[in-house]
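Welcome! Here is a short briefing to help you find your way around a structure you have not met before. Take a look at it first, and then read on.

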Amino acid sequence: MAFDGITIAAMVQELNTALSQGRFNKIAQPESDELLITCKGPAGQKRLLLSASPSLPLIYFTEKNKVSPLTAPNFCMLLRKHIGNARILSIRQPEMERVVEFELEHLNELGDPCRKILIMELMGKHSNIIFCDDKGMILDSIKHISLNVSSVREVLPGRPYFIPQTSEKRNPLTVEQETFIQTICKKPCSAAKAIYTSLTGISPAVAEEICFRASIDGGAPAQSLDETACLHLYHTFMRYMEDVREGNFRPFIVFREDEPVEYGVLPFTQYKEGYTVQTFDSVSAMLEAYYAAKNTITRIRQKSADLRRIVQTALDRNRKKFLLQQKQMKDTEKKEKYRIYGELINTYGYGLEEGCKSFRALNYYTNEEITIPLDPTLTPSENAKKYFDRYGKMKRTEEALTEQLAETGSEVEHLESISNALDIAMEESDLSQIKEELTQCGYIRRHPSGKKGQKVQAKSKPFHYRSTDGYDIYVGKNNFQNDELTFKFATGNDWWFHAKKMAGSHVVVKCADEELPDRVFEEAGRLAAYYSKGRTAPKVEIDYIQKKHVKKPGGAKPGFVVYYTNYSLMAAPDITGLKLVSD
């Protein structure tokens, strides 16, 4: 989601509410393209972050402080000199542009009131923070832009400030019906693209939402819309902009499972099945939550990439081995035929002529006559011995393969459980436990500097949910946690849940020897389904049983258990409405 003009309009409303007639108290520049301003207004003291980062330009309130350099940069020193204790006269957004202007009043060296303007431009790689006088002349900027860098506008001290018009865009708050139809419905591109390329401050996501509300395919050519469709699109657009004009903002984030997909300040109706929406009291809280979640997921994916590669390589190798062993096992099914051939040759072969290539004999096991191939260079007894030897070899192969198939199948099951743990890992401490498990199992070589026998201390904790009826439900994030949850934390009468015949988390419901309501079983089943490899399926079969009936075989791999009597239920992998508790 772009930090578009509509989100900025909501942010400006929030800034005015918190800082109207307030003051700048302290100005810091923790990064080369970032300001952190401590302000005081009607809502008390606030920290305002202004970031002109080319990859992530933002403006929002934050509770977090940042360490500033010991020597403040020149731009920061200039701001401190002029507006270090300035009063905020107004905060505005010119014509839905991605620009926020702070009009400030301060006292000069003679004690006379002066006005200055601090301008925050949120324009992607062209973002900047510009400081101007009351006549619009640039005093300085956090980034200096010369004509060698941009032919559109110089951003240097002494140059006049203006917002560059790189394309002919209309103000969405004032566009009229005829102009809207002529500008948008005649463009040789898709309807959604026609909206966001013709109107200021409209992002592609908002353009798609407007088309969706108007029951128009955003990807359809704009020129294909008839007069009625164009008129309907215009009225839908105006109703959407009416909420912007009146400031009816409701910040929210759209999630797919645990991953943030989109954010906005006006409801998105295009996201329905498979998505959840979390609302916020302020734009700042929404932005901080969105980018924190995004950064967490991105960081975890980057850090888990090596572990995923190790697990996937081992999985591919063991699956191929398993298939080959199954094929070899199928070949051993012929062993009984060779044993019978040997017995029949010993029984009926005494009268065979020398050099005979085959003979027919009655199989006394089935009362059917069969043809037995013979080696003409061998005697009947030698032919019988050859078949008995082949039978013996296949029998030994079958016995060895039975053990090998069990080992390889167990290895595949174990690796799939680690793969599932990587899918649900949310913190670096989760990854450290998974890495330790892979090291113990020999997939990762332990670093020579590590002390022999020393294990990584588990800092990660299982997920803790609370059911609708107030019961505590715990979900293991990896095999170490599964073992600890099942065999150390859970007591005998607690209920234990797991997805049937697939990798997944152990789920424990603490019951305190009470009889649980049916809804608790259903909710625990949903958690077991969601935190399993079956989370993309519409329904998952879940086994559940009291913990006292769950056993761990001696020498079994982490997370592996056995149970012989259990109940089953079908659960959808949907945990909407279940409350995650912060321990």
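In this predicted model, contacts between residues at least 6 apart in sequence often reach far along the protein chain: 59% of them join residues at least 24 apart. The secondary structure of the protein chain amounts to 12 helices and 21 strands. The points below start with the whole chain and then move to one sheet, the helix on it and some aromatic rings.

**The whole chain**
- The protein chain has a radius of gyration of 36 Å, whereas a compact globule of 583 residues would have one near 25 Å.
- Along the principal axes, the C-alpha atoms fill a box of roughly 130 × 60 × 55 Å.
- Of the 583 residues, 47% count as buried.
- About 30600 Å² of the protein chain is exposed, and carbon and sulfur atoms supply 50% of that area.

**A sheet of 7 strands**
- Follow the order E20-E19-E17-E18-E16-E15-E21 and you will trace an open sheet of 7 strands with antiparallel pairing.
- Strand E20 (567-571) and strand E21 (579-580) are at the edges; each has a single partner strand, so one side of each has no neighbour in the sheet.
- E21 pairs with strand E15 (residues 463-466) in the antiparallel sense, over 2 bridges.
- Within E21, leucine 580 stands opposite tyrosine 465.

**The helix packed on the sheet**
- Helix H12 packs on this sheet and touches E15, strand E16 (472-475), strand E17 (495-499), strand E18 (507-509), strand E19 (540-546) and E20.
- The direction of H12 makes about 40° with that of E17.
- H12 covers residues 518-530, and arginine 526 is found in it.
- Is arginine 526 buried or exposed? Its relative accessibility is 13%, and because the cut-off for buried is under 20%, arginine 526 counts as buried.
- Leaving aside residues up to four places away in sequence, arginine 526 touches Ala571, Ala572, Pro573, Asp574, Ile575, Thr576 and Leu578.

**Aromatic rings**
- The count of aromatic pairs comes to 26.
- In one pair, phenylalanine 463 and tyrosine 465, the ring centres are 6.5 Å apart and the planes are at 55°, so the pair is tilted.
- Both phenylalanine 463 and tyrosine 465 are buried.
- One aromatic cluster is formed by Trp495, Phe497, Phe521, Tyr544 and Tyr567.

Definitions and conventions: Residues numbered from 1 in each chain as written. Predicted model: local features only at pLDDT ≥ 70, side-chain atom pairs only at ≥ 80, totals over all residues. Heavy atoms only, no water. Helix = DSSP H or I, 4+ residues; strand = E, 2+ residues; numbered from the N terminus. Buried < 20%, exposed > 50% of the residue type's maximum accessible area, 1.4 Å probe, protein only. Contact = heavy atoms within 4.5 Å. Pairing = 2+ DSSP bridges. Axes fitted to C-alpha atoms, helices over the stretch in contact; angles between N-to-C directions. Rg over C-alpha atoms; globule rule 2.2 N^0.38 Å. Areas by Shrake-Rupley, 256 points an atom, 1.4 Å probe, with all protein chains shown as cover. Phe/Tyr/Trp six-rings, centres within 6.5 Å; stacked < 30°, edge-to-face > 60°.
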